[in-house]
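Me: I'm new to reading structures, and I'd like a close look at the interior of this one. Please walk me through how the side chains there sit together.

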Amino acid sequence: MENENSENCFYKNGLHFECQRCSYCCGHSPGFVYLSKRDLMTLCSHFNMKVSEFVAKYCRWADYYYGTQVLALLEKKNYDCILWENGCSAYEARPVQCSTYPFWSWMIADEKTWNECAAECPGMNKGCVWPYEEIEKNKKAYTDNVPLHREEVEAMIANGE
């Protein structure tokens, strides 16, 4: 995954990150965990539920770009993720957005942004070093993980998925 800009990249020698299990990224403030088709199908399989059942129990519609709506996980009243119960109840099947944290494209855009985010996440700049190639792999997975639009989910439900 080497790219021509790796020499100028602030994380060319890797970044320290080790989850501290604080759950900050799983709640505490409003946000969205957008679900792609891969995410939805993985979660449905994990919970042994049909798409219609999973969407009805765990999801909401989030306003997105250009007046569209996409599928996102619900939040509890305290803003914790609906899947958070003293740990992620779907950890093995968690969405790509969750599994790639904190190597999201906007969070690693520059060192200033990384360090601003690290002020809120006790695992950033601590622990093991993630090599450049792994960071880039996570960034690509995050960027490529396109949320499902409402019409796509409605079609899946109509088709009995």
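**Inside the model**

Reply: Let's start with a sulfur atom: the one in Cys44 has its closest cysteine sulfur in Cys59, 7.8 Å away, which is too far for a bond. Keep in mind that this is a predicted model. Cys121 tells a similar story, since its closest cysteine sulfur, in Cys22, is 5.7 Å away and also too far for a bond. A disulfide would need the two sulfur atoms within 2.5 Å, and the count of disulfides here comes to zero. Even without such a bond, Cys44 is buried at 5% relative accessibility, and Cys121 is buried as well, at 7%.

Cys59 leads us further in. It is among the residues with the most contacts inside the largest nonpolar core, which has 21 residues; Leu35, Leu40, Phe54, Leu71 and Leu73 are also on that list. At least two residues of this core come from each of helix H1 (37–47), helix H2 (51–58), strand E3 (69–73) and helix H6 (150–158). H2 gives the most, with four residues. A general idea to remember is that nonpolar side chains tend to be buried together in soluble globular proteins.

For a closer view, pick Leu73. Leaving aside residues up to four places away in sequence, Leu73 touches Val33, Leu35, Phe54, Tyr58, Cys59, Arg60, Cys81, Ile82, Leu83 and Pro95. There is also a second, separate core, which has 16 residues, including Leu15, Cys117, Ala118 and Tyr132.

Now for the rings. The structure holds 17 aromatic pairs. One of them joins Phe17 and Tyr101, edge-to-face, with 6.4 Å from centre to centre and 80 degrees between the planes. Phe17 belongs to strand E1 (residues 15–17), while Tyr101 is in the loop between helix H3 (96–99) and helix H4 (111–118), so this pair ties together parts that are 84 residues apart in sequence. Phe17 is buried, at 8% relative accessible area, and Tyr101 is buried at 14%.

For contrast, look at the rings of Tyr65 and Tyr66: their centres are 6.3 Å apart and their planes meet at 45 degrees, so this pair is tilted. Here the residues are exposed, Tyr65 at 55% relative accessibility and Tyr66 at 83%.

Back at Phe17 and Tyr101, ring pairs link these two with Phe103, Trp104, Trp106, Trp114, Trp130 and Tyr142 into a cluster. Two of the cluster's members, Phe103 and Trp130, touch Asn138, which also touches Ser99 and Thr100 when residues up to four places away in sequence are not counted. Asn138 lies in helix H5 (residues 132–144) and is buried, with a relative accessible area of 11%.

Tyr101 has one more surprise for you. The peptide bond that joins Tyr101 to Pro102 is cis, with omega at about 5 degrees, and Pro102 is found in the loop between H3 and H4. This is worth a second look because most peptide bonds are trans, just as most residues other than glycine have a negative phi.

Finally, compare the interior with two loop residues. Asn48, in the loop between H1 and H2, has a positive phi near 55 degrees and is exposed at 72% relative accessibility. Asn86, in the loop between E3 and H3, has a positive phi of about 55 degrees and is exposed at 81%.

Note on methods. Residues are numbered from 1 along each chain as its sequence is written. This is a predicted model: local features need pLDDT of at least 70, side-chain atom pairs count only at pLDDT 80 or more; totals for chains, interfaces and linings use all residues. Side-chain values use heavy atoms; hydrogens and water are left out. Rings of Phe, Tyr and Trp (its six-membered ring) pair if their centres lie within 6.5 Å; planes under 30 degrees apart count as stacked, over 60 as edge-to-face and the rest as tilted. Buried means under 20% relative accessible area, exposed over 50%, partly exposed in between (1.4 Å probe, protein chains only). Contact means heavy atoms within 4.5 Å. A nonpolar core is a set of buried Ala, Val, Leu, Ile, Met, Phe, Trp, Tyr and Cys residues joined through side-chain atoms within 4.5 Å.
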